[in-house]
Number of protein chains: 2
Amino acid sequence: MAADHTRNAILQAAERLYAERGFADVTLRDIVAAADVNLAAVNYHFGSKDELIAELFVSRSLVTNRERLNLLKAAEEAGGGRAGIDKVLRALVGPTLRGCLGPDKQRSDAARFMIRASIESVAPIRKIKNREIGHLRRFAAAMQRSLPDHAMVDIYWGIHFALAMAHQTIRDSERLDKLSEGLCDLDDVQGIIERIVGVSVMALTGRAAAKA
Amino acid sequence: MAADHTRNAILQAAERLYAERGFADVTLRDIVAAADVNLAAVNYHFGSKDELIAELFVSRSLVTNRERLNLLKAAEEAGGGRAGIDKVLRALVGPTLRGCLGPDKQRSDAARFMIRASIESVAPIRKIKNREIGHLRRFAAAMQRSLPDHAMVDIYWGIHFALAMAHQTIRDSERLDKLSEGLCDLDDVQGIIERIVGVSVMALTGRAAAKA
DNA sequence: GATAGTTTCATACAACTGTTTGAATTGCAA
DNA sequence: TTGCAATTCAAACAGTTGTATGAAACTATC
């Protein structure tokens with residue numbers, strides 16, 4: 001249908017503008033101007049501004065979550081139902097980091113949008129984030145299979161810390177870059193992933209991780 | 001002066017309201033109503049809404065930063081100019097965590113305000129945060145004295161990860177609580193500090209930390 | 001107790017926001 | 001072509017926001 005054209009133009013323009021300028025100072029009028037559609041089109045196609053934002057965020061989250069679970073599944077199948085803890089953690093933090101870090105120039109609107117979403121915490125997105133707990137539980141279960149004699153409480157703290165490091169690196173890569181005067185190479189995504197996985201494995205097991 | 005009364009009433013009301021409801025949906029009119037002063041008083045005493053927010057944030061930050069540096073200084077003096085890495089890290093993450101975690105009921109408006117400030121990222125605060133790098137460098141220097149044969153790049157990553165864990169625990173304690181179904185005790189502030197310090201020390205040295 | 005400076009107040013302002021409306025247009029099926 | 005639904009459009013709406021104004025009420029000094 002031709003109507004999809006308008007819908008997609010709005011989604012694409014919104015994602016780009018939010019990625020570039022943040023949620024706070026992008027108005028519907030900015031979006032419709034960029035998408036070259038009428039102001040009323042947003043409410044017609046999405047119901048409200050918040051639903052537009054939510055749809056953007058949900059669709060992007062689904063992609064990341066699917067990738068995470070695929071990696072986890074692959075790792076567990078390769079290990080006969082049990083994956084090494086480093087592999088589980090790599091499946092947890094890898095997709096997001098790969099999506100959101102790396103050289104600025106090649107960062108997609110989608111990636112920058114998700115970075116904004118994690119920095120700015122706007123109402124419609126905040127509500128959705130609360131539903132991601134079910135997703136994390138599957139990683140908790142996998143980690144328990146990987147470390148059968150660990151207490152669950154330590155596993156939860158392990159997930160929490162791993163996500164904290166990944167998240168903060170995405171959120172505030174600028175501060176680390178300034179603080180270290182460029183010493184910390186934020187374009188070396190694979191190196192960062194290994195660093196975070198390494199620390200997380202040590203946090204959980206008290207000893208160094210296997211190399212990737 | 002009697003004029004200070006109005007100023008302080010505004011500051012106090014603003015802090016309480018921002019702490020309770022966040023920056024997004026507290027207006028100047030809410031603040032002046034709670035402070036029982038005239039609408040124009042905010043612009044008269046602070047210049048603008050943003051300057052009011054900035055003043056609140058700066059004054060609260062100064063308190064935390066001073067406490068951090070006092071702890072660091074004390075630890076270094078006790079160690080003859082060099083503090084154990086665990087003590088440096090405890091000085092870095094302890095004050096914020098003690099201020100912002102612990103049982104809800106006893107959390108002050110100031111603490112909840114700072115939590116909001118870290119979650120919601122509003123423009124006037126974002127600008128100020130960029131100036132905190134000088135403060136962090138003093139911790140980097142102390143860590144270098146503590147671990148003289150470590151590369152600076154690892155020390156920067158250590159600071160980054162330690163702050164990441166502390167910050168995320170404050171930001172998203174709710175998610176961890178839900179995920180772990182209460183298993184992770186977020187009221188045990190000292191326990192959390194030791195957990196974060198422990199992981200950070202391991203991340204830096206590859207071995208377990210000394211007990212507090 | 002008059003005066004000058006500070007502080008308060010009610011009110012208006014100007015701009016911007018997301019949303020709604022109802023008519024015009026388009027696309028498609030019969 | 002006709003009829004009907006889906007879509008687009010310009011315009012207005014209703015509400016909110018932070019800020020400015022100028023007069024009034026204070027306060028302290030001489």
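## Overall architecture of chain A

Of the 212 residues that make up chain A, 36% count as buried. The model is a predicted one. Chain A holds 11 helices and 0 strands, so that the order of its elements from the N terminus reads α-α-α-α-α-α-α-α-α-α-α. Along the principal axes, the C-alpha atoms of chain A occupy a box of roughly 60 × 40 × 25 Å.

Contacts within the chain can also be sorted by sequence separation. Among the contacts in chain A with a separation of 6 or more, 67% join residues 24 or more positions apart.

## Helix 4 of chain A

Helix 4 of chain A covers residues 49-78. Its 30 residues should span 44 Å at 1.5 Å a residue, and the C-alpha atoms at its ends are indeed 44 Å apart, which agrees. The buried residues of this helix are A:L52, A:I53, A:L56, A:F57, A:R68 and A:L72. Just after helix 4, A:G80 adopts a positive phi of about 65 degrees.

## Relation between the two chains

Chain B is superposed on chain A by a rotation of 180 degrees with 0.0 Å of shift along the axis, at an RMSD of 0.1 Å. This is the relation of a two-fold axis. Both copies use the same surface, since 100% of the contact residues of chain B recur in chain A.

## The interface

The contact between the chains involves 31 residues of chain B and 31 residues of chain A. On the chain B side, at least two residues each come from helix 6 (109-120), helix 8 (133-146), helix 9 (152-171), helix 10 (173-179) and helix 11 (189-205). Helix 9 of chain B gives the most, with 10 residues. By character, the residues on the side of chain B that touches chain A comprise 20 nonpolar, 6 polar and 5 charged.

## Helix 8 of chain B

Helix 8 of chain B, one of the helices that supply the interface, has 14 residues and reaches 20 Å from its first C-alpha to its last, close to the 20 Å expected at 1.5 Å a residue. Its buried residues are B:L136, B:F139, B:A142, B:M143 and B:S146. Viewed down the axis of helix 8 of chain B, these residues fall within an arc of 110 degrees, and therefore line one face of the helix. In an α-helix, with 3.6 residues a turn, residues three or four places apart point the same way.

The buried residues of helix 8 of chain B pack against elements of both chains: helix 10 (173-179) of chain A, together with helix 4 (49-78), helix 5 (85-100) and helix 9 of chain B.

Definitions and conventions:
Residues numbered from 1 in each chain as written. Chains lettered and ligands numbered in written order. Predicted model: local features only at pLDDT ≥ 70, side-chain atom pairs only at ≥ 80, totals over all residues. Contact = placed C-beta atoms within 7 Å. Helix = DSSP H or I, 4+ residues; strand = E, 2+ residues; numbered from the N terminus. Nonpolar A, V, L, I, M, F, W, Y, C, P; charged D, E, K, R; others polar. Least-squares fit on C-alpha atoms with pLDDT ≥ 70 in both. Expected span 1.5 Å × (residues − 1). Buried ≥ 20, exposed ≤ 12 C-beta atoms within 10 Å, placed from the backbone. Arc of directions from axis to C-beta.
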